[in-house]
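Dear colleague,

I am handing over the structure below, and after it I set out what was found there. Please read the notes with the coordinates open beside them.

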Amino acid sequence: MEFGKNPRFLRPVREESGQVYAMRIHLGGYDTIGGITVNRYCQVLDTKKRVIPGLYSAGDMIAGSLYGNPPINASSSFTASCSSGLAAADYMAKEIKGE
């Protein structure tokens with residue numbers, strides 16, 4: 001299960017290399033108006049703007065925190081989802097390690 005997927009469904013981009021893989025991405029037209037409020041560390045905030053310990057969020061769910069409410073830059077939500085997901089994972093790992 002290399003790459004977290006059954007190898008039967010993986011196809012090389014270039015047959016001669018066998019090392020490069022790609023994924024199909026479909027554009028969408030949805031976004032969350034408002035959504036979950038987070039701080040700069042992707043920690044979820046309650047209604048009084050206090051951190052909820054151990055709870056993080058990323059992606060479309062935090063569009064309001066990233067772009068304002070309503071979100072004004074929904075066209076780049078894929079990029080924001082990837083970068084906020086990575087940031088949230090980094091901050092979670094640091095919290096678990098006690099850093």
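**The salt bridge**

Arg50 and Asp46 form a salt bridge, in which the closest N and O atoms are 3.0 Å apart. Please keep in mind, here and throughout, that the model is predicted. A search of the whole structure finds one salt bridge, and the pair of Arg50 and Asp46 is the one in question. As background to such a pair, side chains of opposite charge can pair when their charged atoms come close. Both partners fall into the intermediate class of exposure: Arg50 counts as partly exposed, at 47% relative accessibility, and Asp46 is likewise partly exposed, with a relative accessible area of 22%. Since buried means under 20%, the value of 22% places Asp46 outside the buried class.

**The chain as a whole**

The protein chain contains two helices and two strands, and, read from the N terminus on, these elements follow the order β-β-α-α. Of its 99 residues, 20% count as buried, while the accessible surface of the chain comes to about 7,600 Å², with 57% of that belonging to carbon and sulfur atoms. If one takes the contacts in the chain with a separation of 6 or more, 47% of them are accounted for by residues 24 or more positions apart.

**Gln43 in strand β1**

Strand β1 covers residues 43-45, and Gln43 is found in it. Is Gln43 buried or exposed? Gln43 is buried, because its relative accessible area is 16% and the limit for that class is under 20%. The side chain of Gln43 makes a polar contact, at 2.8 Å, with the side chain of Asn39. When the neighbours within four places in sequence are left aside, Gln43 is in contact with Thr37, Val38, Val51, Leu55, Tyr56 and Glu95.

**Ser84 and Cys82 in helix α2**

Helix α2 spans residues 77-97 and includes Cys82, and Ser84 is found in helix α2 as well. Ser84 is buried, with a relative accessible area of 7%, whereas Cys82 is partly exposed, with a relative accessible area of 45%. Which residues does Ser84 contact, once its neighbours within four places in sequence are left aside? They are Cys42, Ala58, Gly59 and Ile62. Ala58 appears again in relation to Cys82: the two lie 24 residues apart along the chain, and their C-alpha atoms are separated by 8.4 Å.

**The aromatic pair**

The count of aromatic pairs comes to one. The rings of Tyr41 and Tyr91 have their centres 5.1 Å apart and their planes at 90°, so the pair is edge-to-face. Tyr41 lies in the segment before β1 and Tyr91 lies in helix α2, so the pair ties together parts that are 50 residues apart in sequence. As for exposure, Tyr41 is partly exposed, with a relative accessible area of 35%, and Tyr91 is also partly exposed, with a relative accessible area of 26%.

In going through the model, you may wish to begin with the salt bridge of Arg50 and Asp46, and then turn to the edge-to-face pair of Tyr41 and Tyr91.

With best regards

Definitions and conventions
Residues numbered from 1 in each chain as written. Predicted model: local features only at pLDDT ≥ 70, side-chain atom pairs only at ≥ 80, totals over all residues. Heavy atoms only, no water. Salt bridge = Lys/Arg side-chain N within 4 Å of Asp/Glu carboxyl O. Buried < 20%, exposed > 50% of the residue type's maximum accessible area, 1.4 Å probe, protein only. Helix = DSSP H or I, 4+ residues; strand = E, 2+ residues; numbered from the N terminus. Polar contact = N/O pair within 3.5 Å; in protein donor to acceptor, adjacent residues only side chain to side chain. Contact = heavy atoms within 4.5 Å. Areas by Shrake-Rupley, 256 points an atom, 1.4 Å probe, with all protein chains shown as cover. Phe/Tyr/Trp six-rings, centres within 6.5 Å; stacked < 30°, edge-to-face > 60°.
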